[in-house]
Amino acid sequence: MAVVYLELPQRGVYLDDPDDVTAYKVMFDRLRAQAAGTAETAELLMSVRQEYLR
């Protein structure tokens, strides 16, 4: 059984309706596909850190 957990300021909500779970899975898959890789993320963080320390 798949479940989506949403954390809100005052409480958490669990969604277990298959349509809800599918919609969140699709969104997560799209975000993951667009995310930078590990090496690119590390380079970005190092660059931002260097700018911050100037």
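How far apart along helix H1 are lysine 25 and aspartate 29? They sit 4 residues apart, so about one helical turn separates them. Helix H1 covers residues 18-34. Keep that spacing in mind. It comes back in a minute.

First, a word on what we are looking at. This is a predicted model. The protein chain has 2 helices and 2 strands. Start at the N terminus and read along: the order is β-β-α-α.

Now the overall shape. The C-alpha trace spans about 50 × 30 × 15 Å along its principal axes. Compare that with a ball. A compact globule of 54 residues would have a radius of gyration near 10 Å. This protein chain has 17 Å.

What share of the 54 residues counts as buried? It is 6%. The chain exposes about 5,300 Å². Carbon and sulfur atoms supply 57% of that area.

Next, the second helix. H2 runs over residues 38-53, which makes 16 residues. Is its length what we should expect, or not? Count 1.5 Å a residue, and the helix should span 22 Å. Its end C-alpha atoms are 22 Å apart, so the two values agree. How many of its 16 residues are buried? The count is 0, so H2 is hardly covered, given that buried means under 20% relative accessible area.

Take one residue from that helix. Alanine 39 is found in H2. Its relative accessible area is 54%, and the cut-off for exposed is over 50%, so alanine 39 counts as exposed. Now look across to glutamate 7. In sequence, alanine 39 and glutamate 7 are 32 residues apart. In space, their C-alpha atoms are 29 Å apart.

On to charges. The protein chain carries 6 positive and 9 negative side chains. The centres of those two sets lie 7 Å apart.

Some of these charges pair up. The model has 3 salt bridges. Back to helix H1 for lysine 25 and aspartate 29. Their side chains meet in a salt bridge, 2.8 Å from N to O. Aspartate 29 also forms a salt bridge with arginine 32. There, the closest N and O atoms are 2.8 Å apart. And the spacing? Aspartate 29 and arginine 32 are 3 residues apart in H1, so again about one helical turn lies between them.

How open are these residues? Aspartate 29 has 25% relative accessibility, so it counts as partly exposed. Arginine 32 has 51%, so arginine 32 counts as exposed.

One more pair, further along the chain. Glutamate 51 and arginine 54 meet through their side chains in a salt bridge, at 3.2 Å from N to O. Glutamate 51 is partly exposed, with a relative accessible area of 48%. Arginine 54 is exposed, at 75%. Which residues do shared salt-bridge partners join into one network? They are Lys25, Asp29 and Arg32.

To wrap up, three things to take away. The radius of gyration is 17 Å, where a compact globule would have one near 10 Å. Helix H2 has 0 buried residues. And in helix H1, Lys25, Asp29 and Arg32 form one salt-bridge network, with aspartate 29 about one helical turn from lysine 25 and about one helical turn from arginine 32.

Conventions:
Residues are numbered from 1 along each chain as its sequence is written. This is a predicted model: local features need pLDDT of at least 70, side-chain atom pairs count only at pLDDT 80 or more; totals for chains, interfaces and linings use all residues. Side-chain values use heavy atoms; hydrogens and water are left out. A salt bridge is a side-chain nitrogen of Lys or Arg within 4 Å of a carboxyl oxygen of Asp or Glu. Buried means under 20% relative accessible area, exposed over 50%, partly exposed in between (1.4 Å probe, protein chains only). The expected span of a helix is 1.5 Å times one less than its number of residues. The radius of gyration is taken over C-alpha atoms; the globule rule is 2.2 Å times the number of residues to the power 0.38. Accessible areas come from the Shrake-Rupley method with a 1.4 Å probe; for residues, only the protein chains shown count as cover. Lys and Arg count as positive and Asp and Glu as negative; His and the chain ends are not counted. The place of a charge is taken as NZ of Lys, CZ of Arg, CG of Asp or CD of Glu.
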